[in-house]
Amino acid sequence: MAQRPTGVKKTDESARAIRFRQKHLLAIADLDRFEAENLLDRAEKFAPLLDERVKKLDTLRGRTLINLFFENSTRTQSSFELAGKRMGADVVNMSVKSSSVAKGETLIDTAATLNAMRPDLLVVRHGSSGAAELLSRKVDCAVINAGDGKHEHPTQALLDAFTIRSRLGGVEGLIIAICGDVLHSRVARSNVALLTLLGAQVRLIGPPTLMPAGAEKWGAKVFHDMRAGLKDADVVMMLRVQRERMTGGFFPSAREYFWFYGLDEEKLRHAKPGALVMHPGPMNRGVEIDSTVADNASVSLIETQVRMGVAVRMAVLEALAESGANEERS
Ligand code: NCD
């Protein structure tokens, strides 16, 4: 069922009216709090549109958005496609299967080809950390990072923060536990950066083998005991076990992983009563999350995250299109 955001923070017209200063959206680490809140405020304007019968605007009419995905994606790619179409842009989807050619070379060749087509916005997902940034130096248009290796996935963090803000009224002061395969997760890196920027207390929970060296320096508290890490948490964000990025044995078996780090009703009881559950998808049911939690509409925000993703991506496209237009004029 369509869920309307409750307790939505009042939009700040003045914040929204101010142009977004970045040319690209490559990493949350590049944003200050004002810029991040500016994007979330813009998303608030687009969220009600998701329930309208006619969802189309003409903000990006005549502009071209290219989706360039070197890695598989269901929700992110379709979310950017819908966001672009709802803003009136022409959207081209290019699904590039990983090639045996050295990644950098493929990427630069592709960038040159695409650049010749003069797109306005380029959304890129690639298996190598830094790929989006590299591409941004080779093309003239705005580049949006839709996930680069283990590095960052900024629009996922923005949609997660927007989902939390829509449901709980804000992010400041909340205890948010991010749990699972932190080592391979760009979602975790972007979320730690954004949620701490917005004033949350962030915790990282996972086995030592799936916790990156130096994670405690990211501004989050690290736990290896899930029940201790969940204590008093307002929000529990689960991460997918990313087998495709694993080269060795990081844990003995899926069964054992679930025993220690899988979120079920019993472990969730250690968080604050009424704590909310999130997952960026796709989920490995029975590995990092149990269906009794994932499908429980009173605690799970998983569907809301997907819905809000479109509004957040519309906001990002609008902000970058404006910033590009201002740049051309200046
Ligand atoms: C995430 C990704 O691709 O990084 N998924 C997504 O964008 N919805 C997380 C994941 O794949 O586990």
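**Helix H7 and the parallel sheet around it**

Gly 199, which comes just after helix H7, takes a positive phi of about 95°; helices here are DSSP runs of H or I with at least four residues and strands are runs of E with at least two, both numbered from the N terminus. The model is a predicted one, in which local features need pLDDT of at least 70 and side-chain atom pairs count only at pLDDT 80 or more, while totals for chains, interfaces and linings use all residues. Residues are numbered from 1 along each chain as its sequence is written, and side-chain values use heavy atoms, with hydrogens and water left out.

Helix H7 itself has 12 residues and spans 17 Å from its first C-alpha to its last, close to the 16 Å expected at 1.5 Å a residue, where the expected span is 1.5 Å times one less than the number of residues. At its N-terminal end the helix is capped by Ser 185, a side-chain oxygen of which lies 3.2 Å from the backbone nitrogen of Val 187. The buried residues of H7 are Arg 186, Val 187, Ala 188, Ser 190, Asn 191, Val 192, Leu 194 and Leu 195, buried meaning under 20% relative accessible area, exposed over 50% and partly exposed in between, with a 1.4 Å probe and protein chains only.

The place of H7 in the fold becomes clear from the strands on either side of it. The chain crosses from strand E5 through H7 (residues 186-197) to strand E6, and this β-α-β crossover is right-handed; the term applies if, with the strands pointing away from the viewer, the path from the first strand over the helix to the second runs clockwise. E5 and E6 pair in the parallel sense over 5 bridges, with Ile 176 standing opposite Val 202 in E6, and two strands are taken to pair if DSSP finds at least two bridges between them. Strand E6 (residues 201-205) is mostly covered, since 4 of its 5 residues are buried.

These two strands belong to an open sheet of 5 strands in the order E7-E6-E5-E8-E9, and the pairing is parallel. The edge strands, each of which pairs on one side only, are E7 (221-223) and E9 (276-278), and the twist averages 20° from one strand to the next. Towards the E7 edge, E6 and E7 pair in the parallel sense over 3 bridges, and Ile 205 stands opposite Phe 223 in E7. Towards the other edge, 3 bridges join strand E8 (residues 235-238) to E9, again running parallel, and here Val 236 stands opposite Val 277 in E9. Helix H6 (residues 154-168) packs on the sheet, touching strand E5 (175-179), E8 and E9, and its direction makes about 160° with that of E9; contact means heavy atoms within 4.5 Å, whereas axes are lines fitted to C-alpha atoms, for helices over the stretch in contact, with angles running from 0 to 180 degrees between N-to-C directions.

Earlier in the chain, strand E3 (residues 121-126) and strand E4 pair in the parallel sense over 5 bridges, and the bridge partner of Leu 122 in E4 is Val 143. E3, helix H5 (residues 131-136) and E4 make a right-handed β-α-β unit. Strand E4 (residues 142-148) is mostly covered, with 7 of its 7 residues buried.

One residue of strand E4 is Asn 145, which is buried, with a relative accessible area of 1%. Its side chain reaches the backbone oxygen of Leu 26 at 2.9 Å, and a polar contact of 2.9 Å joins the side chains of Asn 145 and Asp 148. A polar contact is a pair of N or O atoms within 3.5 Å; within protein, one must be able to donate a hydrogen and the other to accept it, and residues adjacent in sequence count only if both atoms are side-chain atoms. Leaving aside neighbours within four places in sequence, Asn 145 is in contact with Leu 25, Leu 26, Val 124, Ala 132, Glu 152 and Pro 154.

A second buried position is Phe 20, with a relative accessible area of 2%, in the loop between helix H1 (13-17) and helix H2 (33-46). Phe 20 and Leu 320 are 300 residues apart in sequence and 7.0 Å apart in space, C-alpha to C-alpha. Beyond its neighbours within four places in sequence, the contacts of Phe 20 include Leu 31, Glu 35, Ala 319, Leu 320 and Ser 323.

Across the whole protein chain, the secondary structure comes to 12 helices and 9 strands, and 55% of the 330 residues count as buried. Of the contacts in the chain with a separation of 6 or more, 74% are accounted for by residues 24 or more positions apart.
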